Structure formats: C-alpha cells, structure tokens
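User: Please take a close look at the helix packing in this model and set it in the context of the chains around it. A connected account in plain structural terms would be preferred.

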Amino acid sequence: MKILLIEDDKTLIDLLTRTLAERSYAVDVVTDGEQGWIYGSTYTYDLILLDWSLPKLDGISLCQRFRARGYNTPIILLTSRHGSQNKIRGLDAGADDYICKPFDVEELAARIRALLRRLNCNFLPVLSWGDLQLDPCSCQVTYQGNILSLATKEYMLLELFLRHRQEVLSIEDIIESLWTSMEYPAEATVRSHIRHLREKLKSAGLPEDIITTMRGQGYCLKPLPQAETSESILASEPADKHSKHLAALTLIWNKHRPKRQQQLTTIEQAIAALQRGTLELSDRLSAIVAAHSLAGNLGQFGLYRGSELARELEELLQNNPNREQWQKLSLKLTALNEEIANERNISPQLDQKLAADSPLLLIVGDVNSSSQITQEAKIQGIRTKTLPTSETVKIWLEQQQDRYENLPQAVLLTISFTNLESDLRQEYLALIAEFKLLEPSIPVIVIADRDRFGDRLQVARHGGSFYLTQPLTPSQIIAVCQQAIQRSSRCKKIMIVDDDTELLQVLPSLLQPWGFQLTTLQDPRQFWEVLQAVNPDLILLDIEMPHLSGIELCKVLRTHPYWCKLPVLFLSIHNDRHISSDAFASGASDFICKPATARQLAHRIINHLARST
Amino acid sequence: MNRRILLIDDEETIQEVVQVGIEIEVGWQVEIASSGSEGINLAQTQQPDAILLDVMMPDMDGISTLSNLKANAKTRSIPVIFLTAKTQVAEKDRLQSLGVIDVITKPFNSMTLASQIARILHWEL
C-alpha cells in the first residue's frame, strides 16, 4: 500500500515515515501544497495524509482541488485545529477523515486501516485465503495458526494480492503500489520477491501455489477452492463479486428448470381436469402449491410478470373455480409459459433486471463523502453514480441521449456556498434548473454548508426539491433521497378508464415521457377484474360511460378497505359545477376538464401520487 | 465479523438464492432448515446470530415456528426476521406484531439482502 504524506513539520515527517514503514506502507513525502498536488495528480496512491497548514497551498484548498478534478483517493486531514466547525470544513472540503494533532500514531494507523478497508469494500479486519491470514493491524501473517516470517516486501506483496483478489497485477502495478516514487526497482527484483514469497508460503505448508503467473500480463491470486456444496453453484470463478453473484443466480435458475417444468405441468393437468369437470381436491391443492412456488421463485429472478401470473393462478385455484373458468386459467397459464420460455437464457437479462429493480441516485460535487453515502444507499437498495463537477454531469447527460430509463430518479448536489466562486455557484444552480426542466423532471436534493434564506431562495427558484444543511449523517441524507425518489413518477401504475377510443390511443404516447406504466380500459364492466390484476397506484376515470359511470365506479372503490385511499382523478368534458361536486362526493381526489394538456395531466397525477405515498 | 444466519424455508430455490447472496456479498455463514421443526432443532444446537423465517411452509408454518422459538429459553433471544410474499401493509404490520424484528418481502434483491439484514439488526458490515 502506498501513501502520500503532505506535511511540513520535520519531526512529524520522521515519526510518520518510521511508523508507516514499520507497518509496511510505502511512503512518499512532500513538504508543500503545490508539490502535494504534483505528486497526488501524477502517481497513484492508496491514501493521502494531508496537513491543513502548508506552505504555497493549504491543505483545504489542495483537498478541494483534488476533488474538483475528480481525484477520489482517500484523504485523511491532519491538523492542530480542534472544534467541530473546523472538522466540518475539512470534511466538506473533500477529506474522508480528520485527525487532530497531537494524535496517537496507533489511532492514525487504525484510521488508515479502517478507511482502506471501507474503500476496498473488504470489511473484514483480517485478510485471508483459506487458513492463510494476514492481519494488517499487527502486520503478522499466519498459516493454520503458525506465524510466517516474511520480509517487508514479501508481506507487502501478499497484502497487495489479498486486497486485489481477482485482479491481474502487472509488474508495473506492483512497483507503483509497493515502491516509493523515488525508487526504481528492476523487474527482476520484483520477480525475485514474488519467488521468495512463493517459497516461504510453500515451506509454511500451503498445499498449492496461491499466486498464478499470467504470461505476458502479470500475476494474480488464485481463487480459493470452494467447499463441495457451494462448488456446484460457484463452479466458474468470474471476475468480480457482482458477476459471481449473477453467475450463481443463473446456475440456480438453470438447475431448477426441470422442477419449474414439473410445476407448470401440475397446473396444466389441474386445468385440464377442471375443463373435464373431474378436478379432485388433491390435484387442485398440488396446483396451488406449484403456483405458489412459481410466484415466489420467478420474482426472485426478476420475472415479475411471470410471478404475477403465477400468483393470479394461485388465487383463482384457491377460490375453487367452476368448470366455466377453465379457459381463463388456461389463458393465464399460456401467458406464464411464454414468460418462462422467453427467459431460457436468463443471465444477460438478470443483471439488467436486478439493476432496474433499484432506483439510481446521481451524486454530484462532493466526492469526499460519497463513499459513505454510496454505502448507505446500497443498504437501502439504491444504486449510485458519482460525478465530480457540473461539467461532467452535462457530458454524462448528453451521453444518455434523453433515454429516461438511464437517467437517475434523484440527484444529490453538494454546494459549498461559503467557498464556491459565484460563477461556479451559478453553474450548480443552473444544473438544478436543468434537471427540473427534464421531462419528467428529476428531483434535486441540495446539501449546503450554511443555512441562509437567500441561498434557500436561490435553490427554490431554480427548482431544487430539498435544501438540507450540514452536518448530516449519510443515513439522514439517504432518507431524504428516498423520499424524493418515492415522489418521482417513474414506473407508477396508472389505470385509465374511458370509453373514448381515440383518447385511449393517444394518452399513452402523450404521457410516455413521465415514465408511467399505463393500463387503458374502454369497457367499465371489466373494471373490477382489471383493477385487481393491475393493482394501480392511481386511476383516471371518465364520468360518462356506457353501462357504468365513473362516479359509480369511484363509489365502489371507496367501499373497499384496500382501495378506499387510492387516488382517483376524474376526466370530464363537462365543466359543470354539479357534476364536479357529485364526483367529489363520490370520493374523487381531483377533477380535470377535457381537453387537458399532457403536461397538466401529468403534473396533477404526480401531485396526487406524491400525497398518497 | 463472521455471522451465522439460519434460514428456515422449504423452497430449495430460495435456499440457494439466499445462500449465494449472503455468502458472496458478505461472507456470512448460512445454515439451512427445510422445515419449521428442523429449524427449531438447528436454532437450539447452532445458536445462530439471526433467523430468517419463511411464513408459508407446509406442516409447521412460520408463525407456529416462531412461537416455538419464542417459547424456548435457548432460542427466545435469537432475532427473527420473517420472509414473506405477502406485501400488503396490514399483513406486514400483523406479522411484526408477533414479535419478529422485521419482515422482508419476497422477491428480495439477493445482492442487497445481507445489507438489509445488517441494517435491521444494527450490525456493522
């Protein structure tokens, strides 16, 4: 692991270089901010230790510069300034951690370990490969409990491999990671260290060479042999955790294909018996169990439509269907069969489906605390993308070419009103407006470093959804983001009941930019059935329709405990006060006169959806 | 920290999805029981850090299994999280009132399941 120390106090430099070297870190030292910038932006470091007060360029400005230019190397700020205001300033400038002088070197070492653990997504304090364990805290390596005596570079090499498992490390990567930038070891030197490490591991009793030589590419850590049970699931060893996970799910999906087929046959046989009028209770129960199992399992693989169909079959079968219903069951089973047959090759879709499952949060500006926010978001099932500047956001937005399925559901924007130059501040404010003007608009949550009415006004004027002020914990931030995401219209199910064929044909394309899932229904007599199948988030009802009026349908909805709170918006060509008061008396949430523009309609829908969540 | 989770679910597919999800993502150990009675025995002998319990199972369902676990001094304090396909709020509230820590609805995202459990139980990842 390689650390850049930017510090001008000679005593502290001596102490830290000694302490860090003892812990097997390679350390580059520079004594002013400008040098710090040159080194930090030229070489790759695992971590930067940065003093606040430095000649030429102070630590805070340097930190901001790193972050503004998109460098996300973890930074620990060292300073003699106590007090939470200073800490907040340091963290807001882009530091990941903050330690006050005088500090205990052990505490600093522990913070370095914690930060590296977090950023490597390797949360275990001890690194291991089977019974081989490396403890970065004591710098001790053991195999089956026996201590191995490794030279510093051998230890560093092993740590590097353990931290970068499944990555191929070239000789250059290794040199860059383990030697300071003032040292230029020959490739043969690196190879010789690797050879020594291999020999020591072998003599310690490891059954196999854990390092693989990839000819012409470098070296990598061999995957750990899996226990027999999981081996069948994890037969192949893909590149990273994510693809490993997907591969495992694909294997499970394929493994259970015969079982799914059997379950479909069971349901099919029950339906055939129902058609003949010979459905026995035991066969119906077996079909219910099969449908229940399918409903649960298909959703697990992202086949939500299939899961829904299986659940509908389960419900129909539970209600002891009569002979006339066989066709309805049969149609659902055919649809289910098709859904499953379409997914014979599930792996490419699975990734997309699982990803599409979770909303995307775009984090702009404050890259320093984004790793914690990302972690918290992940816990809440939210994906994140971090972009350092408004410029990079614009480029990224252009790359998405307005495909709204690629756009985020919310944007988290950190604005330092205290430190930012006014033109940069304007750029950020313009960015808020840009997201607001998108169709559908994307909510922007602003995190500011001060609470002034003028700033709030600016953010509100530009269309910001939330204005929060520091200090905030990642979980507080994500809670607000969730609120904003839930308000968003994407994938909300809207059911439209109207006998006007033309309107039903044109509405889906008009409302398409808002990302609603629309279900249209022309015949109100099918209302109840479609309602239960769709389970909408909101209903648009025409007032006058043949057979049943919208007002009657609304009254029916309000008598049901589950549907009584569902937002119902009436669409009517009559701008008549009596009709609208009848509609509201029946339980309407809103009354909109035709013709309404798609935008007006969408905004009314969004408002009602926001209130109902 | 290496946690041990006991999953009580009769569905083999769910067993495997939970197992790979948790083991790949966070490396915790997952013990499997395919029925309520097997789960009660394993909970007593293995003393897992938490139990994931399916609600709908043949023979002994999740709710009876839970009351058995809560009636036994050896297993009473093990936190239990229900896994259920029923997603209506009222059903979730009802399950929660039975003394489980929380309810996770199926289908769940196997990639974030462990994080979800950690959050519910205030475990550090």
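Analyst: Helices and strands are here DSSP runs, a helix having at least four residues (H or I) and a strand at least two (E), numbered from the N terminus. On that basis chain A contains 25 helices and 21 strands. The model is a predicted one, and the account below should be read accordingly.

Some general context for chain A comes first. Its length is 613 residues, of which 47% count as buried. When contacts between residues at least 6 apart in the sequence of chain A are considered, 63% of them join residues at least 24 apart.

The closer look begins with helix H13 (residues 304-318) and helix H14 (residues 326-341) of chain A, whose axes come within 9 Å and cross at roughly 155°. Angles over 145 degrees count as roughly antiparallel, and H13(A) is therefore roughly antiparallel to H14(A). The handedness of this crossing is left-handed. From H13(A), the contact draws on A:Arg305, A:Gly306, A:Leu309, A:Ala310, A:Glu312, A:Leu313, A:Leu316 and A:Leu317. From H14(A), the partners are A:Lys328, A:Leu329, A:Lys332, A:Leu333, A:Ala335, A:Leu336 and A:Glu339. By residue class, the contact of H13(A) with H14(A) comprises 9 nonpolar, 1 polar and 5 charged residues.

One residue of this contact, A:Leu336 of H14(A), leads on to the nonpolar cores. The largest nonpolar core has 54 residues, and A:Leu336 is among the members that touch the most others, together with A:Ile267, A:Phe301, B:Val18 and B:Ile117. Members of this core are thus named from chain A and from chain B. Helix H12 (residues 281-300) of chain A makes the most substantial contribution to this core, giving 7 residues. Apart from this there is a second, separate core of 31 residues, which includes A:Ala26, A:Val141, A:Leu157 and A:Ile210.

Another helix pair in chain A offers a counterpart for the reading. Helix H2 (residues 33-42) and helix H3 (residues 59-68) of chain A have axes that come within 10 Å and cross at roughly 25°. Since angles under 35 degrees count as roughly parallel, H2(A) and H3(A) are roughly parallel to each other. H2(A) passes H3(A) in a right-handed crossing. On the side of H2(A), the residues involved are A:Gly33, A:Glu34, A:Gly36, A:Trp37, A:Gly40 and A:Ser41, and these meet A:Leu62, A:Arg65 and A:Phe66 in H3(A). The contact of H2(A) with H3(A) divides into 3 nonpolar, 4 polar and 2 charged residues.

Elsewhere in chain A, two local sites deserve mention. A:Thr414 lies in strand E14 (residues 410-415). Its relative accessibility is 18%, so A:Thr414 counts as buried, the limit being under 20%. Neighbours within four places in sequence aside, A:Thr414 is in contact with A:Val364, A:Asp366 and A:Ile447. The other site is the peptide bond from A:Lys101 to A:Pro102, which is cis with omega near -10°. A:Pro102 is placed in the loop between strand E5 (97-100) and helix H5 (105-119) of chain A.

Chain B, which supplies B:Val18 and B:Ile117 to the largest core, completes the setting. The chain has 5 helices and 5 strands, and along the sequence these follow the pattern β-α-β-α-β-α-β-α-β-α. Of its 125 residues, 52% are buried. Among contacts in chain B with a separation of 6 or more, 60% involve residues 24 or more positions apart.

Backbone geometry is the remaining topic. Most peptide bonds are trans, and most residues other than glycine have a negative phi. In chain B, the peptide bond from B:Lys106 to B:Pro107 is cis, with omega near -5°. B:Pro107 is located in the loop between strand E5 (102-105) and helix H5 (113-120) of chain B. B:Gln47 has a positive phi, near 45°, and belongs to the loop between helix H2 (36-46) and strand E3 (50-54) of chain B. With a relative accessible area of 35%, B:Gln47 is partly exposed. B:His122 also has a positive phi, near 55°, and sits in the segment after H5 of chain B. Its relative accessibility of 72% means that B:His122 counts as exposed.

Note on methods. Residues numbered from 1 in each chain as written. Chains lettered and ligands numbered in written order. Predicted model: local features only at pLDDT ≥ 70, side-chain atom pairs only at ≥ 80, totals over all residues. Heavy atoms only, no water. Core = buried A, V, L, I, M, F, W, Y, C linked by side-chain atoms within 4.5 Å. Buried < 20%, exposed > 50% of the residue type's maximum accessible area, 1.4 Å probe, protein only. Axes fitted to C-alpha atoms, helices over the stretch in contact; angles between N-to-C directions. Parallel < 35°, antiparallel > 145°, perpendicular 65-115°, else oblique. Left-handed = near helix turned anticlockwise from the far one by under 90°. Contact = heavy atoms within 4.5 Å. Nonpolar A, V, L, I, M, F, W, Y, C, P; charged D, E, K, R; others polar.
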